[in-house]
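Here is a friendly walk through one model, for you to follow with the structure open beside the text.

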Number of protein chains: 2
Amino acid sequence: MEFSNKQITVIFKALCDENRVQIFRLLQNGERCACHLLEEMALTQPTLSHHMKILCDSGLVIGRKQGKWMHYSISAEGAEVAMDCLKAITAVTESESASKCCNK
Amino acid sequence: MEFSNKQITVIFKALCDENRVQIFRLLQNGERCACHLLEEMALTQPTLSHHMKILCDSGLVIGRKQGKWMHYSISAEGAEVAMDCLKAITAVTESESASKCCNK
DNA sequence: AAAACATATTGACAAATATAAATATGTGTG
DNA sequence: CACACATATTTATATTTGTCAATATGTTTT
């Protein structure tokens, strides 16, 4: 089992909230600092910080600290991992076509 | 914008819960009926039904009704859509390398 | 060192979600 | 048609999650 159930939920939790999805859209134009994201999103600073933590935990976003600023960007490697993960969990290895059911 | 933020959250909500991820693992062996899933999972029938609804809403799982039984399977088309969606939301279209930040 | 600033953390609360018991719906069978 | 059975829905509740205010941490500037 390449990915644990828990790992999978952590990865895709990044994409389960509309605000976080919107943050991805902002990061698609390239690296952005937290203050920039804060201006664009209708969120308070602590809430943004909370979402950025979830995004970084997922591996889909990378945080780079530079002085007092945090710069965030989409991780190509993280995206690759998520892609592999999605492919792995949706792959069907069926050989038989009949549905396994409790009523025989 | 090919996918709305809302659509994206609905798709990936399927993979945000450990029980639902486990259901994917069961379905990877081929189509299964609800009663079979219920035997394998440590859930009550209403809870399983609730999760199956979320999975079907995501498009990643298909429900097929046959008499009084519901047969569930992973949707190859749904998986393809999710893949495209993941690719789309993690794609970076940056031309500039410098980080856009509020401090100029 | 003090002040100003950017971000993170804590604590409290509201909203959303997962869960199960009870009930409803729909389907096959006697 | 009555009954048994599989699944869905409703209702209530516990847990999780998103949110913000207040505060803490760490960095730069004066």
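α4(A) gives the most to the surface near DNA strand C, with six residues. Near means that the C-beta atom, placed from the backbone, lies within 6 Å of the strand, while helices (H or I, at least four residues) and strands (E, at least two) are DSSP runs numbered from the N terminus. This is a predicted model, in which local features need pLDDT of at least 70, side-chain atom pairs count only at pLDDT 80 or more, and totals for chains, interfaces and linings use all residues. Residues are numbered from 1 along each chain as its sequence is written, and chains are lettered from A and ligands numbered from 1 in the order in which they are written.

Around DNA strand C there are 26 residues, and the closest are A34(A), C35(A), P46(A), P46(B) and G67(B). Two or more residues each come from these elements:

| Chain | Elements near DNA strand C (residues) |
|---|---|
| A | α3 (34–40), α4 (45–58), β3 (69–74) |
| B | α4 (45–58) |

G67(B) also takes a positive phi near 60°, in the hairpin of β2(B) and β3(B), which has two residues between the strands. These strands, residues 61–66 and 69–74, pair in the antiparallel sense over six bridges, where pairing asks for at least two DSSP bridges. K65(B) has M70(B) as its bridge partner in β3(B).

Now to the two chains together. Their contact (C-beta atoms, placed from the backbone, within 7 Å) takes 41 residues from chain B and 41 residues from chain A. On the chain B side, α1, α2, β1 (32–33), α3 (34–40), β3 and α5 (76–90) each give two or more residues.

Methods:
Contact = placed C-beta atoms within 7 Å.
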